[in-house]
Structure formats: C-alpha cells, structure tokens
Amino acid sequence: MNISRGFLLTGAVYLLIGIALGGHMGASGDHSLAPVHAHINLLGFTLMTIFGLAYRLIPGLNAGWLGVAQFWLHQIGGLVLLVALYLLMSGTLPPETVGPVMPVAEGMVLLSAIFWLANLWRAAR
Ligand code: HEM
Ligand code: HEM
C-alpha cells in the first residue's frame, strides 16, 4: 500500500474539516469546541502531513509491517478519538458513554507513535 499518499490525502481531508470548524467557531463566537478544532488540525492534518512527507523522503520506512501498522493505528485511533471528543464536548453524548472509548483510542494513537519511533530507528539513516 502507498502509506505516504494515504497519510497526505487523509491529512488534507482533516484540514478541510478543521478549517470548517474554525470558521464556524469564528462566525458564531462560540469557541467551546476549540480543543476539537485544535486536534483535528494537529493530530489530523499536521501530523499526517508530516508522516506522509517522511514516508516519501525516507523510502526505507515503507518496508516491512511497522509502517502499515503505524498507519492504521493512527487512522483508526485518531478518527475514534476526534469523533468521541466532538461528541463529548458538544454535549451530544454524556461523559459516562464516551469516557471508556477515550483510553482505547488514545492507546492506539500512542502505539502508533511507538511504532513510528521504532520504524524511524530501523530505517532512518
Ligand atoms: C481558516 C482556518 C481557521 C480558523 C477560522 C480557525 C479559528 C480558530 C478559533 C476561532 C479558535 C479559538 C481561539 C480561542 O478560543 O482562543 C482556534 C483555535 C486553535 N486553532 Fe484554529 N483556525 C483555523 C485554522 C487552524 C489551523 C490550520 C490550525 C493548525 C494547523 C489551527 C490550530 C488551532 C489551535 C492549536 C487552536 C487552539 C489554541 C489554544 O487553545 O490556545 N487552526 N482556531
Ligand atoms: C492521543 C493524543 C492526544 C491527547 C490524548 C491529547 C490531549 C490533550 C488535552 C487533554 C489537552 C487539554 C485540552 C484543554 O485544556 O481543553 C490538549 C491540549 C493541546 N494539545 Fe493535545 N492531545 C493529543 C495529541 C496532540 C498532538 C499530536 C498535538 C500536536 C501535534 C497536540 C497539541 C495540543 C495543543 C496545541 C493543545 C492546546 C490547545 C487547546 O487548548 O485546545 N495534542 N491535548
């Protein structure tokens, strides 16, 4: 699979969503979802774009299973985390419902970061 293209394209989609939410916050004057907006832009757009560029610049990162595992852990963990954070902070779902989901999603994002480090250690010269 093309990990770089996957990260760059999904990062660009997160940027559009992040800008839309930022624009909505600016227009409405309600900044209560700022942490959601911040993490859509940072965990979504910024990190994924950095990952996407790195997988292009350091071709050795693509070899083996670490890159594929890192990609899917960040994609799934990040998406679940951001959706759960939105549902929580917008008041759509109560903390008792969303709470148990957060550590699982955070664990996936953390494991993705550990795989990222391991993959860099292995392939970045
Ligand atoms: C047209 C695009 C954007 C608009 C209209 C916008 C709007 C906003 C607004 C209204 C806030 C809340 C500020 C506050 O309550 O203090 C905010 C916070 C934030 N935005 Fe954006 N934003 C945009 C793009 C971005 C991008 C591209 C990034 C990162 C790559 C970003 C990162 C952040 C961060 C990290 C915060 C939280 C800052 C803090 O809590 O101190 N924003 N944005
Ligand atoms: C699993 C991953 C992450 C978790 C669980 C997490 C959690 C948090 C929490 C609890 C806050 C405080 C929010 C508040 O005061 O309302 C925060 C703020 C912040 N985080 Fe993260 N974070 C994560 C990843 C990241 C990443 C990858 C970046 C940057 C690339 C980042 C950048 C920021 C920034 C700039 C703020 C301050 C902006 C704000 O007040 O909303 N975070 N984060």
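A nonpolar core, as the term is used here, is a set of buried Ala, Val, Leu, Ile, Met, Phe, Trp, Tyr and Cys residues whose side-chain atoms link up within 4.5 Å. Keep that in mind as we walk through this structure, which is a predicted model.

Let's start with the overall layout. The protein chain has five helices and zero strands, so reading from the N terminus you get α-α-α-α-α, with helices and strands taken as DSSP runs. Its C-alpha trace spans about 45 × 30 × 20 Å along the principal axes. There are 125 residues in the chain, and 36% of them count as buried. If you take the contacts with a separation of 6 or more, 76% of them come from residues 24 or more positions apart.

Now back to that core. The largest nonpolar core has 25 residues, and the ones touching the most other members are Phe7, Val36, Ile40, Tyr55, Leu61, Met102 and Trp116. Helices α1, α2, α3 (65-89) and α5 (101-123) each put in at least two residues. The top contributor is α2, which gives seven residues to this core. Met102 is worth a click while you're here: setting aside neighbours within four places in sequence, Met102 is in contact with Leu81, Ala84 and Leu85.

Helix α2 turns up again when we get to the ligands. Take ligand 1 to begin with. Which residue donates to its iron atom? The single protein donor is His37, through NE2, at 2.0 Å. His37 sits in helix α2. A polar side-chain atom of His37 is also found 2.8 Å from a nitrogen atom of ligand 1. Asn41 has a polar side-chain atom 3.4 Å from a nitrogen atom of ligand 1. With His31, the partner is an oxygen atom of the ligand, which lies 2.7 Å from an N or O atom in the His31 side chain. The elements giving two or more residues to the shell around ligand 1 are α1 (3-28) and α2.

Step back a little and you can see that 13 residues surround ligand 1, the closest being Gly22, Met25, His31, His37 and Asn41. By class, this shell holds six nonpolar, seven polar and no charged residues.

Next, ligand 2. Its iron atom has His39 as the only protein donor, with NE2 at 2.1 Å. His39 lies in helix α2, which runs over residues 34-57. A nitrogen atom of ligand 2 is 2.8 Å from a polar side-chain atom of His39. So what surrounds this ligand? The residues are Pro35, Ala38, His39, Leu42, Leu43, Leu47, Leu81, Glu106 and Val109. They divide into seven nonpolar, one polar and one charged. Both α2 and α5 supply at least two residues of this shell, and α2 gives the most, with six residues.

With the ligands covered, two serines are worth a stop. Ser112 is in helix α5. Is Ser112 buried or exposed? Its relative accessibility is 1%, so Ser112 counts as buried, given that the cut-off is under 20%. The side chain of Ser112 reaches the backbone oxygen of Gln70 at 3.1 Å. Apart from neighbours within four places in sequence, Ser112 is in contact with Gln70, Leu73 and His74.

The other serine is Ser4, which belongs to helix α1. Ser4 has a relative accessible area of 3%, which means that Ser4 is buried as well, by that cut-off of under 20%. What does the Ser4 side chain pair with? A polar contact of 2.7 Å joins it to the side chain of Arg56. Leaving out neighbours within four places in sequence, the contacts of Ser4 are Gly52, Tyr55 and Arg56. You've already met Tyr55, listed among the core residues that touch the most other members.

To retrace the route, follow helix α2. It gives seven residues to the largest nonpolar core and six to the shell around ligand 2. His37, the single protein donor to the iron of ligand 1, is in α2. His39, the only protein donor to the iron of ligand 2, is in α2 too.

Technical notes: Residues numbered from 1 in each chain as written. Chains lettered and ligands numbered in written order. Predicted model: local features only at pLDDT ≥ 70, side-chain atom pairs only at ≥ 80, totals over all residues. Heavy atoms only, no water. Donors = N, O, S within 2.8 Å, 3.2 Å for Na, K, Ca; no water. Helix = DSSP H or I, 4+ residues; strand = E, 2+ residues; numbered from the N terminus. Near = heavy atom within 4 Å. Polar contact = N/O pair within 3.5 Å; in protein donor to acceptor, adjacent residues only side chain to side chain. Nonpolar A, V, L, I, M, F, W, Y, C, P; charged D, E, K, R; others polar. Buried < 20%, exposed > 50% of the residue type's maximum accessible area, 1.4 Å probe, protein only. Contact = heavy atoms within 4.5 Å.
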